[in-house]
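Colleague: I'd like to take a close look at a single part of this protein before I plan my next week at the bench. Could you walk me through one spot and then show me what lies around it?

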Amino acid sequence: LIIGISGGYLLFTLSRSAGPAPVATGQDPAIAWQSRLLTNPQDLEALLGLAHVRLDQGMLDEAESLYRQVMAVQPKNVEAISHLGTVQLGRGQTDAALIGYELLVSHYLGEKNYDQAFEAGEKALALDPDDFTLALDLFRGAQEKGDWEKLFVWGERIGAIVERYRQRAAPENMPEEVWTQRKAETLANVAGSVNYVEATLFNAA
């Protein structure tokens, strides 16, 4: 169970989405992007376009290198960060991918881009279904947007997270009495947030 106050994440600058490069039928779609990079090695659109192609082709090392080149020029580029998470997932690096998705949620909520935040949140919670803080942020986002369907979706997720934590057995090598005390303290810390969620859902019903 992840408990904490969200926020303090770096905000990102949205780059122009890499559009399709003109390619001849049967031609490797990477060629057009590579031609542009010969002219300007820091062409972010071309770097992203080529990275996307390599990702689609399963060339994860080259895709990662290209996304990192974008971030070297524009460290807060959302598109590169998002797709780098996909690369990391492809390698089984779930912790790194989770951090990327959480950063995207924070960014999109800050931009009031709720649908993108919800999409990134779904990906993050698929990796860590017990991320209480993230689910609470998404619940607040749904409330701000006035999306009652999502409000109840995230509210139910929060309830399930708390219930799973209540039922969780003590970690290996931790005395039962220590775990019971720690669990009680954690639940007490989130009680205010849980009450807020329950009250909000009651008023929205």
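Which side chain does that of R54 join in a polar contact of 2.6 Å?

Modeller: Happy to! The side chain of R54 is joined to that of Q57 by a polar contact of 2.6 Å. A polar contact here is a pair of N or O atoms within 3.5 Å; within protein, one must be able to donate a hydrogen and the other to accept it, and residues adjacent in sequence count only if both atoms are side-chain atoms.

Before we go further, a word on the ground rules. This is a predicted model, in which local features need pLDDT of at least 70 and side-chain atom pairs count only at pLDDT 80 or more, while totals for chains, interfaces and linings use all residues. Residues are numbered from 1 along each chain as its sequence is written, and side-chain values use heavy atoms, with hydrogens and water left out.

The predictor's confidence in each residue, from 0 to 100, is called pLDDT. It averages 85 over the protein chain, and 87% of the residues score at least 70. Residues 1–24 are the stretch to treat with care: their pLDDT is below 50, although the model gives this stretch 58 contacts beyond near neighbours in sequence. Where pLDDT is low, the predicted coordinates should not be read in detail.

Now for the wider setting. The protein chain has nine helices and zero strands. Helices (H or I, at least four residues) and strands (E, at least two) are DSSP runs, numbered from the N terminus. Among these elements, α7 (residues 132–145) has the highest mean pLDDT, 96, and α4 (residues 78–90) the lowest, 84. Of the 205 residues in the chain, 40% are buried, where buried means under 20% relative accessible area, exposed over 50%, and partly exposed in between (1.4 Å probe, protein chains only).

Back to your arginine. R54 sits in helix α2 (residues 44–56), and R54 counts as buried because its relative accessibility is 8%. Leaving out residues up to four places away in sequence, R54 touches D28, A30, Q34, M59, E62, A63 and L66; a contact means heavy atoms within 4.5 Å.

Two of those neighbours, A63 and L66, take us into the helix α3, where the buried residues are A63, E64, L66, Y67 and V70. Seen down the axis of α3, these buried residues fall within an arc of 165°, so they line one face of the helix; the arc is that of the directions from the helix axis to the C-beta atoms. An α-helix has 3.6 residues a turn, so residues three or four places apart point the same way. The cover over the buried residues of α3 includes α2, the helix of your arginine, and α4. On the other side of α3, D61 and A72 are exposed. The length of α3 also agrees with expectation: its 14 residues should span 20 Å at 1.5 Å a residue, and its end C-alpha atoms are 20 Å apart. That expected span is 1.5 Å times one less than the number of residues.

E64 deserves a second look, since α3 also takes part in charge pairing. Side chains of opposite charge can pair when their charged atoms come close. E64 forms a salt bridge with R91, and the closest N and O atoms are 2.3 Å apart. A salt bridge is a side-chain nitrogen of Lys or Arg within 4 Å of a carboxyl oxygen of Asp or Glu. This pair links distant parts of the chain, 27 residues apart, with E64 in α3 (residues 60–73) and R91 in the loop between α4 and α5 (94–110). E64 is buried at 17% relative accessibility, whereas R91, with a relative accessible area of 29%, is partly exposed.

Elsewhere, E144 and K112 meet in a salt bridge of 3.5 Å, N to O. They too link distant parts of the chain, 32 residues apart: E144 lies in α7 and K112 in the loop between α5 and α6 (114–127). Returning to α3, salt bridges that share partners join D61, E64, R68 and R91 into one network. The count of salt bridges comes to 16. One of them pairs R36 with D43 at 3.0 Å between the closest N and O atoms; R36 is partly exposed at 30% relative accessible area, while D43 is buried at 15%.

So, to come back to where you started: R54 is buried in the model, and the side chain of R54 has a polar contact with that of Q57.
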